[in-house]
Amino acid sequence: MKLFALSAAALIAATGAFAGDAGAGEGDFRKCKSCHTLANGDDVIIKGGKTGPNLFGVIGRQAGTVEGFKYGADLVAAGEAGLIWDEELLATYMADPKKFLSEQLGSAAKSKMTFKMKGGEDVAAYLASLSAE
């Protein structure tokens, strides 16, 4: 896991900043809101479903750690192994969650998220624009 995260960081450093468009991602998030909400405490930014965790502040957070949400074992294991979400890793996860976790853990991992979102860079940039500050 740490090797992959370092490789991703090196790739970003070599190619420049991650190329997501937060403005476009705000609109694209409508595809996510059937399962996910965006709320900072009582301040609900986008009311969504509860099938997935609240994604407010996801960038910079350890995977599988939203209090009160029951994650799949493999996502929790990836987080315990050091997976911290950044824009690029989140966009890669959204493109194929099962494949992403299998690569992270080096096993036949499973993901509770079955939706695949190609081109999730904009949504990842939008989520990065939201923070607890």
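Contact means heavy atoms within 4.5 Å. Keep that cut-off at hand for the exercises below. The model is predicted.

**Exercise 1. Find the spatial neighbours of Gly48.**

Task: State where Gly48 sits, how exposed Gly48 is, and which residues Gly48 contacts beyond four places in sequence.

Step 1. Locate the residue. Gly48 belongs to the loop that joins strand 2 (43-46) to helix 3.

Step 2. Classify its exposure. The relative accessible area of Gly48 is 22%. Partly exposed runs between the 20% and 50% cut-offs, so Gly48 is partly exposed.

Step 3. List the contacts. With neighbours within four places in sequence set aside, Gly48 is in contact with Lys33, His36 and Thr37.

Step 4. Check one distance. Gly48 and His36 are twelve residues apart in sequence, yet their C-alpha atoms are 5.1 Å apart.

**Exercise 2. Outline the whole chain.**

Task: Give the secondary structure of the protein chain, its order and the share of buried residues.

Step 1. Count the elements. The protein chain has six helices and two strands.

Step 2. Put them in order. Along the sequence the pattern reads α-α-β-β-α-α-α-α.

Step 3. Add burial. Of the 133 residues in the protein chain, 38% are buried.

Step 4. Look at long-range contacts. Take the contacts with a separation of 6 or more: residues 24 or more positions apart account for 49% of them.

**Exercise 3. Compare Gly23 and Phe29.**

Task: Decide for each residue whether it is buried or exposed, then find a partner far along the chain.

Step 1. Place both. Gly23 is in helix 2 (residues 22-28). Phe29 lies in the loop between helix 2 and strand 1.

Step 2. Apply the cut-offs. Gly23 has a relative accessible area of 54%, so Gly23 is exposed. Phe29 has a relative accessibility of 0%, so Phe29 is buried.

Step 3. Find the distant partners. Gly23 and Val123 are 100 residues apart along the chain, with C-alpha atoms separated by 8.8 Å. Phe29 and Asp122 are 93 residues apart in sequence, and their C-alpha atoms are 8.8 Å apart.

Step 4. List what Phe29 contacts, leaving aside neighbours within four places in sequence. The list is His36, Leu38, Ile46, Leu55, Val123, Tyr126 and Leu127.

Step 5. Turn to helix 6. Its buried residues are Asp122, Val123, Ala124, Ala125, Tyr126 and Leu127. These buried residues pack against helix 2, strand 1 (38-40), strand 2 and helix 4.

**Exercise 4. Describe helix 4 and the core.**

Task: Show how helix 4 is covered, how its N-terminal end is capped, and what helix 4 gives to the largest nonpolar core.

Step 1. Count the buried residues. Helix 4 spans residues 87-95, and seven of its nine residues are buried. They are Glu88, Leu89, Leu90, Ala91, Tyr93, Met94 and Ala95.

Step 2. Find the cap. Asp86 caps the N-terminal end of helix 4. A side-chain oxygen of Asp86 lies 3.2 Å from the backbone nitrogen of Glu88.

Step 3. Describe the core. The largest nonpolar core has 28 residues. Phe29, Leu38, Trp85, Leu90 and Leu127 have the most contacts inside it. Helix 3, helix 4, helix 5 (97-105) and helix 6 each give two or more residues to this core. Helix 4 gives the most, with five.

Step 4. Set this in context. In soluble globular proteins, nonpolar side chains tend to be buried together.

Step 5. Take one core member. Beyond four places in sequence, Trp85 touches Val58, Ile59, Gly60, Arg61, Ala63, Leu75, Leu90, Tyr93 and Phe100.

**Exercise 5. Map the largest pocket.**

Task: Give the space in the largest pocket, its lining and the surroundings of Met113.

Step 1. State the space. The largest pocket holds about 540 Å³.

Step 2. Describe the lining. There are 34 lining residues, and His36, Gly52, Pro53, Tyr93 and Met113 lie nearest the centre. The lining divides into 20 nonpolar, nine polar and five charged residues. Helix 4 gives the most to this lining, with three residues.

Step 3. Focus on Met113. Met113 lies in the loop between helix 5 and helix 6. Its relative accessibility is 22%, so Met113 counts as partly exposed.

Step 4. List its contacts. Not counting residues up to four places away in sequence, Met113 touches Tyr93, Met94 and Pro97. The C-alpha atoms of Met113 and Asp96 are separated by 9.0 Å.

Technical notes
Residues are numbered from 1 along each chain as its sequence is written. This is a predicted model: local features need pLDDT of at least 70, side-chain atom pairs count only at pLDDT 80 or more; totals for chains, interfaces and linings use all residues. Side-chain values use heavy atoms; hydrogens and water are left out. Buried means under 20% relative accessible area, exposed over 50%, partly exposed in between (1.4 Å probe, protein chains only). A polar contact is a pair of N or O atoms within 3.5 Å; within protein, one must be able to donate a hydrogen and the other to accept it, and residues adjacent in sequence count only if both atoms are side-chain atoms. On a 1 Å grid over the protein atoms alone, a cavity is a set of points where a 1.4 Å probe fits but cannot get out, and a pocket is an open set with protein on both sides within 12 Å along at least five of seven lines; lining residues have an atom within 4 Å of a point. Grid points are joined across faces, edges and corners, and a volume is the space filled by probe spheres set on the points. Ala, Val, Leu, Ile, Met, Phe, Trp, Tyr, Cys and Pro count as nonpolar, Asp, Glu, Lys and Arg as charged, and the others, Gly among them, as polar. A nonpolar core is a set of buried Ala, Val, Leu, Ile, Met, Phe, Trp, Tyr and Cys residues joined through side-chain atoms within 4.5 Å.
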